[in-house]
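Me: I'm new to this one, so could you walk me through it with a few questions and answers?

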Amino acid sequence: MAKDTLTITDNRTGRAYEIPVENDTIRATDLRQIKVNEGDFGMMSYDPSFSNTAACKSSITFIDGEKGVLKHRGYPIEQLAERSTFLEVAYLLLYGELPKKREYEKWVHEITHHTIIHEKIKKFMDGFRYDAHPMGMLISTVAALSTFYPEAKDIFDEKSREMQIYRLIAKMPTLAAFSYRHTLGLPYVYPDNDLSYVGNFLKMLFRMTEAKYEPNPVIEKAIDVLFILHADHEQNCSANAMRSVGSSQPDPYSATAAAIAALYGPLHGGANEAVIHMLNEIGSKENVPAFIKRIKEGEFRLMGFGHRVYKAYDPRAKIIKQIAHDVFETTGKNPLLDIALELEKIALDDDYFVKRKLYPNVDFYSGLIYQSMGIPMSMFTTLFAIPRTAGWLAQWLEMLDDQELKIARPRQIYIGPKMREYIPLQER
Ligand code: CMC
C-alpha cells in the first residue's frame with residue numbers, strides 16, 4: 001500500500017531512512033538524521049535562492065505558475081480586479097474573508113482617518129536632497145514611523161497590531177506623495193477624507209493651486225485596479241524580507257521598511273522603472289530586433305519579462321494590458337507602447353524566450369500606464385509598495401500566529417579556510 005513517506009538510501013553508508021511526506025514536501029530537518037558517523041552534523045539541503053524550499057505554510061495567496069493562475073484566499077485575481085476595490089482586497093488578504101458591509105465601512109473609515117503624518121516626519125523628509133529617490137525616502141520614513149509609535153513593539157497585543165495595520169496602510173500614500181512633492185520642491189498636500197484611497201493619493205501628488213481637486217475617475221479606477229493586482233504575491237523577495245525580519249519580532253514599521261528595501265531592486269519591484277529606461281534606450285520599433293539579439297547574447301535582461309514562478313503569461317500582466325488601453329483613451333497613447341508591443345511580439349515568437357518560458361510580467365506594462373498619467377519614473381516602485389503593504393502585513397500577521405514561528409536563520413555550507421595562525425601585520 002502507498003505510504004506518505006520517502007525512503008532515502010545513503011550510498012556513502014548503505015543506510016536507508018524513511019522520512020514523512022506532508023503536502024508533497026519533506027521537512028529539511030528530517031534530513032539531519034542522515035549521517036556518515038555519529039560526530040557528523042547531518043545532511044542539509046542547499047537552496048541559495050529558495051528555488052525549491054517552502055519557508056512557511058500559508059493560506060493567503062495561491063499561484064499556479066504553469067497555468068498562470070493567481071488567487072487570493074481562493075478568489076481569482078480576475079474577479080477581484082473586475083469587481084472589488086483595493087481596500088476590500090486588502091481586508092480580504094489580512095483577515096481571510098471579504099468584509100460584510102459594516103466591517104467594510106469601519107475598515108475604510110479607519111484607513112481614511114489615519115492618513116495624516118506627524119509634522120516631524122515632514123521635517124525629516126525635508127532633510128533629503130532634492131534628487132533623493134522616493135524609494136529611499138519611503139524606506140527611511142517608514143522605518144522612522146516606528147519611533148513615533150513605540151507601542152508598535154507590542155506585536156502580540158491584538159489592539160496594537162490592528163492600529164499599526166491601519167496606520168501603515170493609511171500612511172503609505174501620504175509618505176509616497178510627500179516624497180514626490182519634496183523632489184519637486186512643492187508644498188505638501190494634506191490628506192482629504194472626502195476622497196477615496198486612490199483619489200486622495202492623486203490629490204496629494206498632483207494638486208496645484210486649484211481650490212478643489214477632482215481626481216479623474218478613469219485614472220482613479222485604473223490605479224485602484226493596479227493596486228489590487230499588486231496587493232500580494234505570496235513568498236516573493238519582499239514578502240520573504242518581511243517574514244525574515246519580522247521573525248526576530250521587531251515592530252511592523254521596521255519589518256515593512258526592510259520589505260520596501262527588498263522591493264526597490266530592479267529584479268523585483270524596481271523592474272517597472274527599468275522597463276521604461278529600457279524602452280527609452282531602444283528608442284524605436286526598428287531597433288527592437290537588434291536589442292533582442294543583445295539580450296540573447298547575454299548582455300542584459302529583457303526587463304518586465306520572466307518570473308521565478310510564472311512559466312506562462314502573468315495573469316496580472318493580461319489585466320494590465322487591458323487597463324493600458326482604457327487609460328490611453330483618456331491620456332493619449334504612450335509613444336513607448338509601440339516599442340513594448342513589438343518587443344512582446346518578437347519575444348513571444350523567439351525560441352530563446354519560448355524555451356525558457358519567459359513571458360511579460362506585471363511590470364512590463366504598468367510603467368507605461370503610470371508614465372501616461374504623468375507620474376514620474378522614480379515614483380513607479382512606490383506605486384507597487386503602497387498596495388503591497390497590505391500583502392506584507394497579511395504575511396506578517398499569519399507568521400505571528402504560526403505555532404511554528406521561530407527566528408529565520410538559514411544554514412550555510414562553509415567553504416573557507418579550515419584553520420590559520422594569525423600573522424602580525426609587520427610579518428605579512
Ligand atoms: N531576459 C532574458 N533572459 C532571461 C530573463 C529576462 N528577463 N529572465 C530570465 N532569463 C533567462 C536567464 O538568463 C536564464 O537563462 P539560462 O538558463 O540560459 O541561464 C533563464 O532565463 C532562467 O533565468 P533565472 O535567472 O534562473 O530565473 P529566475 O527565476 O532566477 O529570475 C527574474 C526571475 C524575474 C528575476 C528574471 O526573470 C528577471 O531578471 N526578469 C527581469 C526583471 C523583472 O522583470 N523583474 C520583475 C519580476 S515580476 C514583479 C515582481 O514580482 O517583482
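Me: Which residue takes a positive phi in the hairpin of β3 and β4?

Reply: Happy to help, and please keep in mind that this is a predicted model. Strand β3 covers residues 61–64 and strand β4 covers residues 69–72; the two pair in the antiparallel sense over 4 bridges. Their hairpin has 4 residues between the strands, and the one with a positive phi, near 70°, is Gly-68.

Me: Nice! Which residue in β4 is the bridge partner of Ile-63?

Reply: We can look at the antiparallel pairing of β3 and β4 again. Ile-63 falls to the β3 side, residues 61–64. Across in β4, the bridge partner of Ile-63 is Leu-70.

Me: Where around α4 do its buried residues sit?

Reply: Helix α4 spans residues 119–126, and its buried residues are Ile-121, Lys-122 and Met-125. Because they cover an arc of only 105° around the axis, they lie on the same side of α4. What covers these buried residues includes α5 (134–148) and α6 (158–184). So the place to look is the same side of α4.

Me: How much of the ligand's accessible area does the protein cover?

Reply: The ligand is surrounded by 19 residues, and His-268, Arg-301, Leu-302, Gly-304 and Arg-308 are the closest. A polar side-chain atom of His-268 lies 2.4 Å from a ligand oxygen atom, while polar backbone atoms of Gly-304 and Phe-305 are 2.8 Å from an oxygen atom and 2.9 Å from a nitrogen atom of the ligand, respectively. On its own the ligand has 940 Å² of accessible area, and the share covered by the protein is 73%.

Definitions and conventions:
Residues are numbered from 1 along each chain as its sequence is written. This is a predicted model: local features need pLDDT of at least 70, side-chain atom pairs count only at pLDDT 80 or more; totals for chains, interfaces and linings use all residues. Side-chain values use heavy atoms; hydrogens and water are left out. Buried means under 20% relative accessible area, exposed over 50%, partly exposed in between (1.4 Å probe, protein chains only). The arc is that of the directions from the helix axis to the C-beta atoms. Contact means heavy atoms within 4.5 Å. Two strands pair if DSSP finds at least two bridges between them. A residue is near a molecule or strand if one of its heavy atoms lies within 4 Å of it. A polar contact is a pair of N or O atoms within 3.5 Å; within protein, one must be able to donate a hydrogen and the other to accept it, and residues adjacent in sequence count only if both atoms are side-chain atoms. Accessible areas come from the Shrake-Rupley method with a 1.4 Å probe; for residues, only the protein chains shown count as cover.
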